[in-house]
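Welcome! Please take a look at the sequence and the 3D view, and keep both at hand while you work through the exercises.

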Amino acid sequence: MKKIMILILLAAFSLNSNAQNSKSTSSNSASKQEISDPDNLASQFFSQVMGVAISATSNTKMYQFIYDWLGTPYRLGGDTKKGVDCSGFAFQLYEKTFNTIIGSNSRNIFSMVNPVSKVELKEGDLVFFKIKSKSISHVGVYIGDNKFAHASSSKGVMISNLNEPYWQRYFYKGGRLLESIKDKMQN
């Protein structure tokens with residue numbers, strides 16, 4: 001239901017901007033091409049609705065993956081669209097978009113990364129949280145502009161902002177996959 005509402009809002013926004021652009025013929029044909037390209041929906045969604053800047057260097061495969069999984073219900077230990085937990089979501093995203101196998105829980109995944117601070121985060125980095133715990137209990141994937149995708153136990157796969165008080169309170173560290181692990185996976 002949420003995806004349908006988002007698509008309706010996205011279509012309305014696109015139609016409105018398309019109508020405004022119809023005065024200039026050179027930009028009008030480019031707009032029509034963008035709207036008619038279904039592979040472009042994910043990048044339009046993230047750039048217009050979520051406020052995440054999608055550039056030519058962005059990993060559109062990652063954004064498409066996240067878009068396809070939005071709204072997937074939470075299920076502890078799950079790693080499918082029938083139900084997924086935070087580490088299952090991160091595992092699937094890394095396997096499908098980066099061809100890389102990562103750990104099966106947030107603590108294992110953290111052992112595979114170089115820690116990075118919040119200001120050093122790049123698109124595709126992992127973000128780790130200690131939620132009411134002394135050890136890492138939650139993981140998400142950073143998508144830019146202080147936003148991250150994750151499987152929330154209350155709302156399933158969603159996008160959240162690191163600057164929200166809840167996430168600020170429990171943020172532990174960011175992490176970038178170790179080069180040795182990347183090399184091992186590519187060989």
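Below are five short exercises, each with a worked solution.

This is a predicted model, in which local features need pLDDT of at least 70, side-chain atom pairs count only at pLDDT 80 or more, and totals for chains, interfaces and linings use all residues. Residues are numbered from 1 along each chain as its sequence is written, and side-chain values use heavy atoms, with hydrogens and water left out.

**Exercise 1. Describe the protein chain as a whole.**

Step 1: Start with the secondary structure, which comes to eight helices and eight strands. Here helices (H or I, at least four residues) and strands (E, at least two) are DSSP runs, numbered from the N terminus.

Step 2: Turn to burial. Buried means under 20% relative accessible area, exposed over 50%, and partly exposed in between, with a 1.4 Å probe and protein chains only. Of the 187 residues in the protein chain, 43% count as buried.

**Exercise 2. Find which residues of helix 4 are buried.**

Step 1: Locate helix 4 at residues 60-69.

Step 2: Pick out its buried residues, which are Met62, Tyr63, Phe65, Ile66, Tyr67 and Trp69. Tyrosine 63 counts as buried because its relative accessible area is 1%.

Step 3: Look across from tyrosine 63 to threonine 97. Their C-alpha atoms are separated by 9.2 Å, and the two residues are 34 apart along the chain.

Step 4: Move on to glycine 71, just after helix 4, where phi is positive at about 90°.

**Exercise 3. Work out which parts of the chain build the largest nonpolar core.**

Step 1: Settle the term. A nonpolar core is a set of buried Ala, Val, Leu, Ile, Met, Phe, Trp, Tyr and Cys residues joined through side-chain atoms within 4.5 Å.

Step 2: Find the best-connected members. The largest core has 29 residues, and Ile66, Phe89, Leu93, Ile102, Leu126 and Phe128 touch the most other members.

Step 3: Name the contributors to this core. At least two residues come from each of helix 4, helix 5, helix 6, strand 4, strand 5, strand 6 (147-152) and strand 7 (156-161). Helix 5 gives the largest share, six residues.

Step 4: Look for a separate core. Another one, of eleven residues, lies apart and includes Val116, Leu121, Phe129 and Leu162.

**Exercise 4. Locate the salt bridges and say how exposed their partners are.**

Step 1: Apply the rule: a side-chain nitrogen of Lys or Arg within 4 Å of a carboxyl oxygen of Asp or Glu. The count comes to two.

Step 2: Take glutamate 95 and lysine 96, whose closest N and O atoms are 3.5 Å apart. Glutamate 95 is partly exposed at 28%, and lysine 96 is partly exposed at 42%.

Step 3: Take aspartate 125 and arginine 176, which meet at 2.8 Å, N to O. This pair links distant parts of the chain, 51 residues apart: aspartate 125 is in the loop between strand 3 (113-116) and strand 4, while arginine 176 is in strand 8 (residues 171-177). Aspartate 125 is buried at 4%, whereas arginine 176 is partly exposed at 24%.

**Exercise 5. Find two residues other than glycine with a positive phi.**

Step 1: Go to the loop between helix 5 (86-98) and helix 6 (106-110), where asparagine 99 is found. Its phi is about 50°, and asparagine 99 is exposed at 58% relative accessibility.

Step 2: Go to the loop between strand 4 (126-129) and strand 5 (138-144), which holds lysine 132. Phi of lysine 132 is near 50°, and its relative accessible area of 70% makes lysine 132 exposed.
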